[in-house]
Amino acid sequence: MVWTPKQTGALLDFVAEDRLYAMWHLIAFRGLRRGEACGQPWSETNLDTHSLTVSSQLVQDGWEVEASDPKTDSGYRVVALDDDTVNVLKQHRERRDADRKEWGPAWMETGLVFTGGRLLAAPRQGDRLFERLVAATGLPPIRLHDLRHGAATLMLAADIDIKIVSDTLGHSDTRITRDIYQSVLPQVGKNAAEATAKLVPLQRTTKSEKAARKAAKDARKDKAKEADKPKDKANPQADTKKKAKRKKPQK
C-alpha cells in the first residue's frame, strides 16, 4: 500500500506535534529504511551542508537490538536534505537537548538522532508507534516501511531522475527502483504518456484543436453581441392597454 501525496501530507500534519515527528518526516521525504532512521547518528548528520550519511542501521532479533552495517553495499550513501527537513531536524535537536536537561542523570545518551532517554529503543517499537498514529488519522493502514515506498513514488512523481531516486534509496541498481516503484502512482504513468504524446505532431490533433479554438471564439463573439444589444422595448400590447385606461382630459 502506497499513499498518495495528499494522504502523506495529511499524516504529517496530524503528527506534527509528535515527539518523533522528525523521523516520520525524514522517512516520508528521503526514504530511509526504518533501521537506518533508528540508527542514524548525529555524527553523520550535517545540517550545515544539508546532508546525512547512512553508514549503519539498527537491527532487531527477538528482544535483542544491535547496530549493523547497512543492508547492502549501496546502502552506504549520502542523502541530500531539503531546507524544510533541515529545519525539522534542528527543531528535533532543540527538543532533545531540552529533554536531556530535564531528565538529568536519568538521560541515556546514545549519540543517535532518534534515540535518547529511552524514547525509542528498537525498529519494532517504531513500527508500533507509527501504526497507532496511522490508526488515529483514519487513513488507509500502511506500515512504516511503506512510508519509504511513498518517498520513492513522490520523487518519481516530481520527475526526479531515476538514478538520483535509486541513489537516495540506496538501491544497487536503477532497475530495482523501476521494477518496484515506477508504476505505483497512476499519475506518474499518465504524465509520462501525455509528455510522450505531445512530442508527435498529428494533423488530426491539430485540426481538432483548431476547431475547438474556433468554437470557443464564436461563443465569445455571440456572448459579446448579446451584451451589446439594447434592452427589449416595452410590450406594445401592454402600452396599448395603459393608453386605453387613461381618461380623456375634461373640456
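Visitor: If contact means heavy atoms within 4.5 Å, which residues of α6 meet which in α7?

Guide: In this predicted model, local features need pLDDT of at least 70 and side-chain atom pairs count only at pLDDT 80 or more, while totals for chains, interfaces and linings use all residues. Residues are numbered from 1 along each chain as its sequence is written, and side-chain values use heavy atoms, without hydrogens and water. R148, A152, M155 and L156 of α6 meet I162, V165, T168 and L169 of α7, with helices being DSSP runs of H or I of at least four residues, and strands E runs of at least two, numbered from the N terminus.

Visitor: And at what angle do their axes cross?

Guide: The axes (lines fitted to C-alpha atoms over the stretch in contact, with N-to-C angles from 0 to 180 degrees) come within 10 Å and cross at roughly 160°. α6 is therefore roughly antiparallel to α7, a label for angles over 145 degrees.

Visitor: Switching topic, how many residues are in the largest nonpolar core?

Guide: That core, a set of buried (under 20% relative accessible area, 1.4 Å probe, protein chains only) Ala, Val, Leu, Ile, Met, Phe, Trp, Tyr and Cys residues joined through side-chain atoms within 4.5 Å, has 35 residues, and L11, W24, F114, F130 and L147 have the most contacts inside it. Elements supplying at least two of its residues include α1 (5-14), β2 (51-54), α4 (83-103) and α6 (144-157).

Visitor: Which element gives the most?

Guide: α2 does, with 7 residues.

Visitor: What does F130 touch?

Guide: Leaving aside residues up to four places away in sequence, F130 touches L11, W24, I142, R143, L144 and L147. A second, separate core of 6 residues includes M155, L156, I162 and V165, and these four also appear where α6 meets α7.

Terms used: Buried < 20%, exposed > 50% of the residue type's maximum accessible area, 1.4 Å probe, protein only. Contact = heavy atoms within 4.5 Å. Parallel < 35°, antiparallel > 145°, perpendicular 65-115°, else oblique.
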